[in-house]
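Look at the sequence and the structure below. The questions that follow deal with a sheet and a ligand.

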Amino acid sequence: MFRRARIENLKEISEKGDYVLYWVHASPRCSYNPALEFSIEKSLELGIPLLIIFIIDENYKEANIRHYRFLLEGLEDFRRDLNERDLDLKIFRGDSAGIIPKLQKRAAVIITDKNYIGPQNEWIEKISEKLECSLYIVETNISVPVREITDKEEYSAATFRKKYWKKAHEYLDHESNNENMRCGFFFENLEGEIESGEIENILDQLNIADGIGTSKFKGGYKRAKEELNLFIEKKLENYPEYRNYPNLDYLSNMSPYLHFGQISPVEIARVVAEKGTKNFESYLEELLIRRELAINFCFYNPNYDNFEGLHSWSKKTLNEHRNDEREHIYSFEDFENCRTHDVYWNAAQKEMIITGKMHGYMRMYWGKKILEWSETPEKGIAVAIRLNNKYELDGRDPNGYAGVMWCFGKHDRAWSERSVFGKIRYMNSAGLKRKFDVDSYVEKIMNLQENL
Ligand SMILES: Cc1cc2nc3c(=O)[nH]c(=O)nc-3n(C[C@H](O)[C@H](O)[C@H](O)COP(=O)(O)OP(=O)(O)OC[C@H]3O[C@@H](n4cnc5c(N)ncnc54)[C@H](O)[C@@H]3O)c2cc1C
């Protein structure tokens, strides 16, 4: 398990420390949380209590009320589960750069969990050498630590898959979930701590711009497990056949919970493999290969969110077709407000706005059409990422960046050449009609809107 922990600085464990500090960032959950287990083990080894904290930063890049609510619902579950293990969670409001330097003064060691993108990484790079004690980062939200699979960006799922399966069983088969581990916790009131209370109270205290409705999904480990059990009982068997039918409901809905670290991919994979009587391979292909390929992309490619991050063949072909005439060009506001000529595209955009989760198959069509109807590929990528990050509960995630970039050729091969797209794979509404009953999908979304 502790092969997942990596020391980030050259500092020793501080002998005068009052506590082990577990700064939860990416995996607020008790189940299958190797960072929590590592923290408990350190606390027992050093004979000092464990201080578990979460910092809510109201200015977190691109986060809005929909995201904060889901996050806080998850924190409530997490705190309750910790309490059942005689541990506690302290929530702070502010930014990490202000809070961690104060708390670290009394810490023997700091342990945190890993994010592959986002502000935490930049901050850790800046601060880790200035800390007075050692800092460990634990890879909690991935089945195999990112560097273990390969030391470079992989070209496609085909090249990634082989390397992944060489390592995966070491991790998937032997991962522990030691829910009985116990240690003392740190209980003194600390400056800046948010008083505990209902979610609405905490949301009221925070200074977050509203303007986007909540999602139909409720956050937290408990809800994640309910969704997972429902998926296994009712949907998994037909997942390979129906997963690309947006008019039906055959997906697992795990992505928001995975994004917020409220459930572990290892737990999902193990439960699905154990309980799924058949057809679980195609699900594991998405959960393990596609998801971790996206992490590989964002981890090794600093241009994961822009044109430069594409394969050279994609850039070449898109450049060759840069000046092709576009039949339609829409602005960000047109896209955002569902003002295109295409009823199917508008329905997909509405689904995302209303529910916080667009069906996976429609996401491909949605992204391809943004390529087709944008003035340049650069603008198309920027629009798709901005909308995805704003409205999707699972947005701001490696999967979101890889998904958008896939629409522009990433992890794909060249197809036959055509206007605007060049050799990038094309999708059109006739394809939607051939594949599934797209009109009943539109109807489903219209009903959602009417019932708002
Ligand atoms: C333009 C575009 C944008 C996308 N944006 C996001 C995003 O912001 N966040 C996000 O998590 N996914 C994103 N995806 C990938 C995929 O559509 C979603 O992961 C999936 O629809 C989530 O629903 P689910 O959990 O019910 O999926 P299921 O089909 O039940 O899959 C289970 C899990 O497998 C993984 N998975 C499934 N499909 C993919 C895929 N194509 N690539 C990588 N991992 C996959 C996810 O972790 C998912 O939760 C995007 C895809 C595209 C084409």
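## The sheet and the ligand site

Q: In what order do the six strands of the open sheet stand?
A: The model is a predicted one. Its six-stranded sheet is open and has mixed pairing. The twist from one strand to the next averages 25°. Read across the sheet, the order is β1-β6-β5-β2-β3-β4.

Q: Which strands stand at the edges of the sheet?
A: A strand at an edge has a single partner strand, so one of its sides is left without a neighbour in the sheet. The two strands in that position are β1 (5-7) and β4 (90-93).

Q: Do β3 and β4 pair in the parallel or antiparallel sense, and which residue of β4 stands opposite I55?
A: Strands of a sheet pair through backbone hydrogen bonds, and the pairing may be parallel or antiparallel. Strand β3, residues 50-56, pairs with β4 over four bridges, and the sense is parallel. Opposite I55, in β4, stands F92.

Q: How many residues of each class are in the shell around the ligand?
A: Around the ligand there are 24 residues, and Y239, S252, N253, K357 and N388 come nearest. Sorted by class, the shell has nine nonpolar, nine polar and six charged residues.

Q: What percentage of the ligand's accessible area does the protein cover?
A: A polar side-chain atom of Y239 lies 2.6 Å from an oxygen atom of the ligand. Backbone N or O atoms also come into play: one of M254 lies 3.2 Å from a ligand oxygen atom, and one of D394 lies 3.0 Å from a ligand nitrogen atom. On its own the ligand has 820 Å² of accessible area, and the share covered by the protein is 91%.

Q: Between which domains does the ligand lie?
A: The elements giving two or more residues to the shell are α10 (255-259), α12 (280-300), α16 (360-372) and α18 (398-407). Two domains both give residues to this shell, so the ligand lies between them. They are domain 2 (141-177 + 221-300) and domain 3 (303-450).

Definitions and conventions:
Residues numbered from 1 in each chain as written. Predicted model: local features only at pLDDT ≥ 70, side-chain atom pairs only at ≥ 80, totals over all residues. Heavy atoms only, no water. Near = heavy atom within 4 Å. Polar contact = N/O pair within 3.5 Å; in protein donor to acceptor, adjacent residues only side chain to side chain. Areas by Shrake-Rupley, 256 points an atom, 1.4 Å probe, with all protein chains shown as cover. Nonpolar A, V, L, I, M, F, W, Y, C, P; charged D, E, K, R; others polar. Domains from an automatic or database assignment. Pairing = 2+ DSSP bridges. Axes fitted to C-alpha atoms, helices over the stretch in contact; angles between N-to-C directions.
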